[in-house]
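Trainee: I have just opened this one and would like to get to know it. Could we go through it together?
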Amino acid sequence: MKKYVIGLDYGSDSVRAVLIDTENGAELASEVFWYPRWKEQKYCKPGINQFRQHPLDHIEGLEHTIKAVVSQSGVNPETVLGICIDTTGSSPMPLTKDGTPLALVEGFEENPNAMMVLWKDHTAVKEANEINELARSWGGEDYTKFEGGIYSSEWFWAKILHVAREDKSVVEATHTWMEHCDFITYLLADNKDLETFKRSRCAAGHKAMWHESWGGLPSQEFLSKLDPYLASLRDKLYDETYTSNEIAGHLNEEWASKLGLTTNTVLAVGTFDAHAGAVGAKVDHHALVRVMGTSTCDIMVSTHNAVGDKTVKGICGQVDGSVIPGLMGLEAGQSAFGDVLAWFKNVLSWPLDHLVMKSSVLSDEQKKQLQEEVEAKLIRTLAEQAEAIPLSEVVPMALDWVNGRRTPDANQELKSAITGISLGTKAPHIFKALVNAICFGSKMIVDRFEEEGVKIESVIGIGGVARKSPFIMQTLANVLNMPIKVAESDQAPALGAAIYAATAAGVYESVIDASKVMGSEFEAEYFPQASQVETYAKLMESYKALGQFVEEQTNKKA
């Protein structure tokens, strides 16, 4: 009998499902659902870095995508053995005592503080700073040390603390909080006991300061010094965590009926998208997997002996089993990667959106055609023009911090900057400067790993940017002075989730075994161009100097 699994991957803008043949990793069907409320930017205020998502976007997407892949593939529901969910993170949401998202409770349907707090929400900068100050000064365990030594506003406790202080009505109505990957798994599962439900090791270890050496989450004593609410919340969360090769439960009757599946289908413990993506790309020792989309997450695995008791400074955590059980998972990343270029695109599109599209001269059909043409060609044309600019020509210098800095050394208060603009500077020059900036930011991450004794021998790129932009990938190879392989799969995180599902369902004995058979092949490889490497190394020094200046000015204002 054939055996199939489903990987469900929640990104920032959409969710996609893939139905995979466990025998060879072949994708039989896939489906994407774009979040309708998020598309309208409901509950978001970019000016203050507030980004919230309504859980209905995710629940509706869950039903649509899985039903679609089951229907498209035509497989017997009995042969779908497992499902695994990966999501962005840290993206926590408040729940009532019966496990209902607070945003689905009467009176909270339009309250942003009752929504899921998306990973890119940076409203909790003040709270993150408080956590860091306390961790260094209170005289007890430094609970940030396995998370790079700096707690970020993108993470679990800072976000909850911010919401708790801003909106007491949410605190009073909330029983507990769940990461997005845990909640979607819980929604589908037959186990409805919030206290015993298996929470993700990946989410807890990288974002919630969970570590087995101190018995799980930070102590009540530590949390109470931040806010009594956090101390009281701790007892309503969890002590144990689980890796994604383990079974969280089975599909419950309600969702089995909705999705056209059976209650025999296993649910693997949830995880984060980047970690699943690394598994989908056949991550191996000394390989840095770059999940390249709106932001980047950079994932590595290492043996315990190689890392030892050393804590790698300034990254997003080192967690036993967060990628592959039995190995240490290391995470870093950039808060904006594709978002840097999307920001520039939006700036250039302003006249179109506010003048041309509101003109009475053009018909609605003409406006639609024009908008579609700009959407299809703007970034591609900029890339072509920027690539043609020789390195000998003066190009501005930019920083990639349009959404703060994730690593090395998280600081979401930092802003981007561009210098070296003249009357000769045109849009392609600025675009080239921004591409250089995101690649220089990547180099800073690689350098930090190597400075901390973590060896990198190869780089693997996955995601839309990696597959669609040869210009960016070649620039990155030149800046890193390393070859970069690009994974063939369009849906590497969803494929990685499917690999976890196959392991949890018992098709394979280990994630490594499953990844070798089901993981993505590679479609391209970029090699450093000797003629460009030296020039980029000099430009990298200018990037560092600009970054140091901006950071010093930011610290003076603080």
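Trainee: What percentage of the 558 residues in the protein are buried?
Mentor: Keep in mind that this is a predicted model. A residue counts as buried when its relative accessible area is under 20%. By that cut-off, the buried share of the 558 residues is 59%.

Trainee: How many helices and strands are there, and why is the protein called as compact as a globular protein of that length?
Mentor: The chain forms 20 helices and 20 strands. For 558 residues the globule rule gives 24 Å, and the protein is called as compact as a globular protein of that length because its radius of gyration is close to that, at 23 Å.

Trainee: Which helix gives the largest share of the largest nonpolar core?
Mentor: Nonpolar side chains tend to be buried together in soluble globular proteins. Here the largest nonpolar core has 55 residues, and Phe431, Phe449, Ile456 and Met473 have the most contacts inside it. Twelve residues of this core, its largest share, come from residues 427-451, which is helix H15.

Trainee: Which residues does Met473 contact, leaving aside neighbours within four places in sequence?
Mentor: Met473 is among the residues with the most contacts inside the largest core. Contact here means heavy atoms within 4.5 Å. With those neighbours set aside, the partners of Met473 are Met292, Val465, Ala466, Ile484, Val486 and Tyr526.

Trainee: How many residues are in the other core?
Mentor: That core lies apart from the largest one. Phe33, Val69, Val75 and Trp119 are among its members, and its size is 44 residues.

Technical notes
Residues are numbered from 1 along each chain as its sequence is written. This is a predicted model: local features need pLDDT of at least 70, side-chain atom pairs count only at pLDDT 80 or more; totals for chains, interfaces and linings use all residues. Side-chain values use heavy atoms; hydrogens and water are left out. Helices (H or I, at least four residues) and strands (E, at least two) are DSSP runs, numbered from the N terminus. The radius of gyration is taken over C-alpha atoms; the globule rule is 2.2 Å times the number of residues to the power 0.38. Buried means under 20% relative accessible area, exposed over 50%, partly exposed in between (1.4 Å probe, protein chains only). A nonpolar core is a set of buried Ala, Val, Leu, Ile, Met, Phe, Trp, Tyr and Cys residues joined through side-chain atoms within 4.5 Å.
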